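Dear colleague,

I am passing on the structure we spoke of, and my notes on it follow below. Please read them with the coordinates open beside you.

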Amino acid sequence: MTGSDKTGLTVGQELPKLSHVPTATQLFRYSAVTWNPHRIHYEESYAATEGHPGLLAHSHLRAALALRCVTEGLPGWRLVATDYRLRRPATPGMTLVYGARVTAVDGDTAELEIFEEHPAGVHGLEGTATVRRADKEAS
Amino acid sequence: MSEAAPPAGTPLAEYYAHMRPRVGERHTRSLGVLDAVTIGRYALTIGATDPVHTDPAAARAAGYADVVAPPNLLAAIFEWGVGTPEDELKPDGTPVRNDDAGAKLRSMGAGEQMEIVADAVAGMEILEEEVLDAVVAKDTRGGPCVFVSTLHIFKTPDGAVLNRNRRTVVRRNPEGVA
């Protein structure tokens, strides 16, 4: 892996951050569109019975936001893989900041670390994303 | 965090004993046709404003056959088709699947690995192959838990793979149980 090349990406380069505050309405709509009836996402009193600090943002919603940071920050590149772990729960009203930083560049492929930062400065989600220069192949 | 069987006599121990021997089980099912409204609603909900998700003309101009799904849509759909009747849902609201023994447990997504091989576009018929990959009991700071990893391979009827994702869910005893 090289530090920088004709791709224009440089190891250490940070993509523009994406700040997002999830709402209960967004969680409800995400549950609806994914047909996810898990009560921890839309029934706060039930979430409390499981010991959660509030409604829980869906893991896939949080991943989708983290991946938006990558796909919107790298037009002309295509996401080909991701690997992430959830470290802490996220609840409505929290300001979640999604970021990505280039960690390796090799020809037409680049690796990035991705994260979700919480107001306390800790990461709620950490992982990697692999992107490849898009060649406009039709699907 | 160390590998350790859940405390004997708890719902988590029962679940672990039920699931552990099933590692390697594989099922394939048809999920139906991915439609444009689902793609557009998903994009709207996650705030993805690229018109390739909502406007067929924009999608075609970008080289897609129709509107294209955001990268993790296939993995995120919890139930396909009409889903489970309410009176058949578990107390936490989730449907009973192949893990009846886990009905009383708390459940939360823990992470995922996803490889996107090809884009999923509106009108595609989708099949899912599911493999129970691993069932691992651990003792964590938050107490005993069982990590269940499942490999999901989404493909079209002709066998073309769209994406592979390995999802890990953490199961814990009900609140108040050690």
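Thr130(A) is buried, its relative accessible area being 14%, and I should say at once that this value, like the others here, comes from a predicted model. The residue lies in strand S5 of chain A, which covers residues 123–133, and its side chain makes a polar contact of 3.1 Å with the side chain of Glu111(A). Apart from neighbours within four places in sequence, Thr130(A) is in contact with Arg78(A), Leu79(A), Val80(A), Ala81(A), Thr109(A), Ala110(A) and Glu111(A).

In chain B, Thr156(B) sits in the loop between strand S5 (143–155) and strand S6 (161–172), and Thr156(B) counts as buried because its relative accessible area of 11% falls under the 20% cut-off. A polar contact of 2.5 Å links the side chain of Thr156(B) to that of Asp158(B), while its contacts beyond four places in sequence are Met124(B), Glu125(B), Leu127(B) and Leu162(B).

As for the nonpolar interior, the largest core holds 61 residues, and Val70(A), Leu34(B) and Leu74(B) have the most contacts inside it. Helix H3 of chain A (residues 59–73) supplies the largest share of this core, with 8 residues. Among the residues that Leu74(B) touches, leaving out those up to four places away in sequence, are Leu34(B), Trp80(B), Phe154(B) and Leu162(B). There is also a second, separate core of 11 residues, which includes Leu12(B), Tyr15(B), Tyr16(B) and Ala101(B).

With best regards

Methods. Residues numbered from 1 in each chain as written. Chains lettered and ligands numbered in written order. Predicted model: local features only at pLDDT ≥ 70, side-chain atom pairs only at ≥ 80, totals over all residues. Heavy atoms only, no water. Helix = DSSP H or I, 4+ residues; strand = E, 2+ residues; numbered from the N terminus. Buried < 20%, exposed > 50% of the residue type's maximum accessible area, 1.4 Å probe, protein only. Polar contact = N/O pair within 3.5 Å; in protein donor to acceptor, adjacent residues only side chain to side chain. Contact = heavy atoms within 4.5 Å. Core = buried A, V, L, I, M, F, W, Y, C linked by side-chain atoms within 4.5 Å.
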